[in-house]
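Grab a pencil and work through these short exercises with the structure open beside you. Try each task before you read its solution.

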Amino acid sequence: MGLNTNQNTNNALYILQGKIVKVATQETGNFEKNGKYYQAFDSITGLLTGFAIVDGYKDGDKDAVLKIKDGTDEWILKFGVNSGNFTSWSKSIQNADLLKELELVPTYKQDGDKKQSSLLIKQDGEWIKRKYTNDSMGELPVAMPVSLNGKVSYDYTAQLDYLINEISTIFDEAKLPF
């Protein structure tokens with residue numbers, strides 16, 4: 001039988017409101033959201049050993065999955081592709097040295113109804129700058145304006161596909177020795 005019931009999720013991490021969180025109990029948690037308890041951390045430091053895009057919880061959603069090795073521990077950090085966390089991380093990771101330890105630092109800010117999240121990268125004590133910025137998009141496709149019911153929003157599909165392909169290529173070429 002191909003079904004398994006013993007799945008170890010002790011190494012699963014997520015990003016929630018500017019914190020890296022691990023599922024916990026009420027006794028061990030230091031952060032609560034919607035009746036669920038988590039252990040919350042400001043950042044994670046380690047070697048980035050893997051990158052993948054997987055199906056998310058909702059139909060059609062995709063999640064980024066990063067493998068991070070911290071000494072003898074290996075962690076799986078999962079966050080949405082259609083998020084500020086992915087956008088900021090994916091526009092910066094090209095400037096990091098994948099053979100060196102790095103620190104991932106999530107941020108979160110809410111101003112009224114507007115929520116803003118980022119996943120910043122620090123390496124060798126310095127913040128990694130973005131490869132792509134609004135002033136310097138390089139070959140990154142522009143977001144396409146879409147009008148719906150008189151409101152303009154933007155379709156980032158081509159941009160996300162480009163970033164995912166570029167990051168996958170970087171990981172393939174690095175042939176990380178871990």
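## Exercise 1: Two loop asparagines

Task: Is asparagine 149 buried or exposed, and where is it found?

Solution. Start with accessibility: asparagine 149 is exposed, because its relative accessible area is 78% and exposed means over 50%, while buried means under 20% and partly exposed lies in between (1.4 Å probe, protein chains only). Next, find its place: asparagine 149 sits in the loop between β11 (144–148) and β12 (151–155). Strands are DSSP runs of E with at least two residues, helices are runs of H or I with at least four, and both are numbered from the N terminus. Then check the backbone: asparagine 149 has a positive phi of about 55°, although it isn't a glycine.

Now try asparagine 34. Its loop runs between β3 (31–33) and β4. It counts as exposed because its relative accessibility is 71%. Asparagine 34 also has a positive phi of about 55° without being a glycine.

Before you go on, note that this is a predicted model, where local features need pLDDT of at least 70, side-chain atom pairs count only at pLDDT 80 or more, and totals for chains, interfaces and linings use all residues. Residues are numbered from 1 along each chain as its sequence is written, and side-chain values use heavy atoms, with hydrogens and water left out.

## Exercise 2: The loop after α1

Task: Which residues is glutamine 94 in contact with, leaving aside its neighbours within four places in sequence?

Solution. First, locate it: glutamine 94 is in the loop between α1 and β8. It counts as buried because its relative accessibility is 15%. Next, list its contacts (heavy atoms within 4.5 Å): glutamine 94 meets Lys131, Tyr132, Leu163, Glu166, Ile167 and Ile170, with neighbours within four places left aside. Finally, look at the side chains: glutamine 94 makes a polar contact with the side chain of glutamate 166 at 2.8 Å. A polar contact is a pair of N or O atoms within 3.5 Å; within protein, one must be able to donate a hydrogen and the other to accept it, and residues adjacent in sequence count only if both atoms are side-chain atoms.

Serine 92 lies in the loop between α1 and β8 too. It is buried, because its relative accessible area is 5%. Leaving aside neighbours within four places in sequence, serine 92 is in contact with Ile121, Ile128, Lys129, Arg130 and Lys131.

## Exercise 3: The nonpolar cores

Task: Which members of the largest nonpolar core touch the most other members?

Solution. Begin with the general idea: in soluble globular proteins, nonpolar side chains tend to be buried together. A nonpolar core is a set of buried Ala, Val, Leu, Ile, Met, Phe, Trp, Tyr and Cys residues joined through side-chain atoms within 4.5 Å. Here the largest core has 27 residues, and Leu66, Leu77, Phe79, Phe86, Trp89, Ile93 and Leu104 touch the most other members. Elements that give it two or more residues are β1, β5 (44–55), β6, β7, α1 (84–90), β8 (102–111), β9 and α2. The largest share, 4 residues, comes from α2.

There's also a second, separate core of 5 residues, including Val21, Phe31, Tyr38 and Ala40. Zoom in on alanine 40, found in strand β4. It is buried because its relative accessible area is 17%. Not counting residues up to four places away in sequence, alanine 40 touches Lys19, Ile20, Val21, Asn30 and Phe31.

## Exercise 4: The largest pocket

Task: How many residues line the largest pocket, and which lie nearest its centre?

Solution. Work on a 1 Å grid over the protein atoms alone: a pocket is an open set of points where a 1.4 Å probe fits, with protein on both sides within 12 Å along at least five of seven lines, and lining residues have an atom within 4 Å of a point. Count the lining: 27 residues, of which Tyr14, Ile15, Leu16, Tyr57 and Gly80 lie nearest the centre. Then add the volume, about 1,000 Å³, where volume is the space filled by probe spheres set on the points, and points are joined across faces, edges and corners. Last, trace the strands: β1 (12–16), β2 (19–23), β4 (36–41), β6 (62–70), β7 (73–80) and β9 (114–123) each supply at least two lining residues.
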